[in-house]
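Got the viewer open? Take this as a walk from the whole chain down to single residues, one selection at a time.

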Amino acid sequence: MAMQGFDYAKQNIVKYRKEDAELWDLLTAVPRLNGVWPYICFFLNIILPGTGTMISSCLGYPGAWSKTQLTIGVVQMLTAVYLVGWIFSIYWGWLIL
């Protein structure tokens with residue numbers, strides 16, 4: 001019985017659903033900004049966690065805001081109290097650079 005479970009896990013461990021890949025692409029799509037804006041967003045993410053991410057979500061995509069990036073900025077701001085959001089915000093600011 002244990003061997004069947006092991007074989008099942010071995011066959012299915014590398015498989016992933018298409019929806020998971022789409023979600024991962026949404027979460028890792030960091031907007032590319034030009035000029036001085038990446039540095040401003042990075043600085044804001046250090047001082048006020050999440051604000052740089054929210055600003056980059058508005059500036060990074062011409063014609064439309066990125067609701068995913070805006071949500072990430074709000075989550076960073078709400079969890080900054082526990083230091084997790086602050087660290088996540090600094091990392092995200094580094095990705096924006």
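## The whole chain first

Start with everything selected: among the contacts in this chain with a separation of 6 or more, 59% are between residues 24 or more positions apart. Keep in mind that you are looking at a predicted model.

Switch to a cartoon view. You should find six helices and zero strands, so reading along the sequence by DSSP runs gives α-α-α-α-α-α. Turn the model along its principal axes and the C-alpha atoms fill a box of roughly 60 × 35 × 20 Å. The radius of gyration is 18 Å, whereas a compact globule of 97 residues would come out near 13 Å.

Now put a surface on. The chain exposes about 7100 Å², and carbon and sulfur atoms supply 71% of that area. Buried residues make up 27% of the 97 residues.

## Into the core

Hide the surface and select Val 30, Leu 33, Cys 41, Ile 72, Trp 92 and Ile 96. These six residues are the largest nonpolar core.

Stay on Leu 33 for a moment. What does Leu 33 touch, leaving aside its neighbours within four places in sequence? Its contacts are Pro 38, Cys 41, Ser 56, Leu 59, Gly 60 and Ile 96. Cys 41 and Ile 96 are also members of the core you just selected.

## Helix α4, inside and out

Next, select α4, residues 51-59. Its buried residues are Thr 51, Gly 52, Thr 53, Met 54, Ser 56 and Ser 57. To see what lies over them, bring up α3, α5 (67-78) and α6 (84-96), which are included in the cover.

Zoom in on Thr 53, which is found in this helix, α4. Is Thr 53 buried or exposed? Thr 53 counts as buried because its relative accessibility is 0%, and the cut-off for buried is under 20%. Show everything it touches, not counting residues up to four places away in sequence: Asn 45, Gln 69, Ile 72, Gly 73, Gln 76, Trp 92 and Ile 96. Ile 72, Trp 92 and Ile 96 will look familiar, as they belong to the largest nonpolar core.

Then move along to Ile 55, also in helix α4. Ile 55 has 30% relative accessibility, so it counts as partly exposed.

## The nonpolar patch

Bring the surface back and colour Val 36, Trp 37, Tyr 39, Ile 40, Ile 55, Leu 59, Trp 94 and Leu 97. Together they form a nonpolar patch on the surface with about 780 Å² of accessible area. Two elements give two or more residues to this patch: α3 (37-47) and α4 (51-59). Which of the elements gives the most to the patch? That is α3, with three residues.

Leu 59 is worth a second look here, as this patch residue is also one of the contacts of Leu 33.

## Two stops in the loops

Select Leu 48, in the loop between α3 and α4. Leu 48 counts as partly exposed because its relative accessibility is 45%. Draw a distance from its C-alpha atom to that of Ala 80: the two are 32 residues apart along the chain, with 8.9 Å between these atoms.

Finish at Leu 83, in the loop between α5 and α6. Check its backbone angles: phi is near 70°, a positive value in a residue other than glycine.

Technical notes: Residues are numbered from 1 along each chain as its sequence is written. This is a predicted model: local features need pLDDT of at least 70, side-chain atom pairs count only at pLDDT 80 or more; totals for chains, interfaces and linings use all residues. Side-chain values use heavy atoms; hydrogens and water are left out. Patches are made of residues with over 30% relative accessible area and no salt bridge: like charges are joined within 9 Å, nonpolar side chains (Val, Leu, Ile, Met, Phe, Trp, Tyr) within 5 Å. Accessible areas come from the Shrake-Rupley method with a 1.4 Å probe; for residues, only the protein chains shown count as cover. A salt bridge is a side-chain nitrogen of Lys or Arg within 4 Å of a carboxyl oxygen of Asp or Glu. Helices (H or I, at least four residues) and strands (E, at least two) are DSSP runs, numbered from the N terminus. Buried means under 20% relative accessible area, exposed over 50%, partly exposed in between (1.4 Å probe, protein chains only). Contact means heavy atoms within 4.5 Å. The radius of gyration is taken over C-alpha atoms; the globule rule is 2.2 Å times the number of residues to the power 0.38. A nonpolar core is a set of buried Ala, Val, Leu, Ile, Met, Phe, Trp, Tyr and Cys residues joined through side-chain atoms within 4.5 Å.
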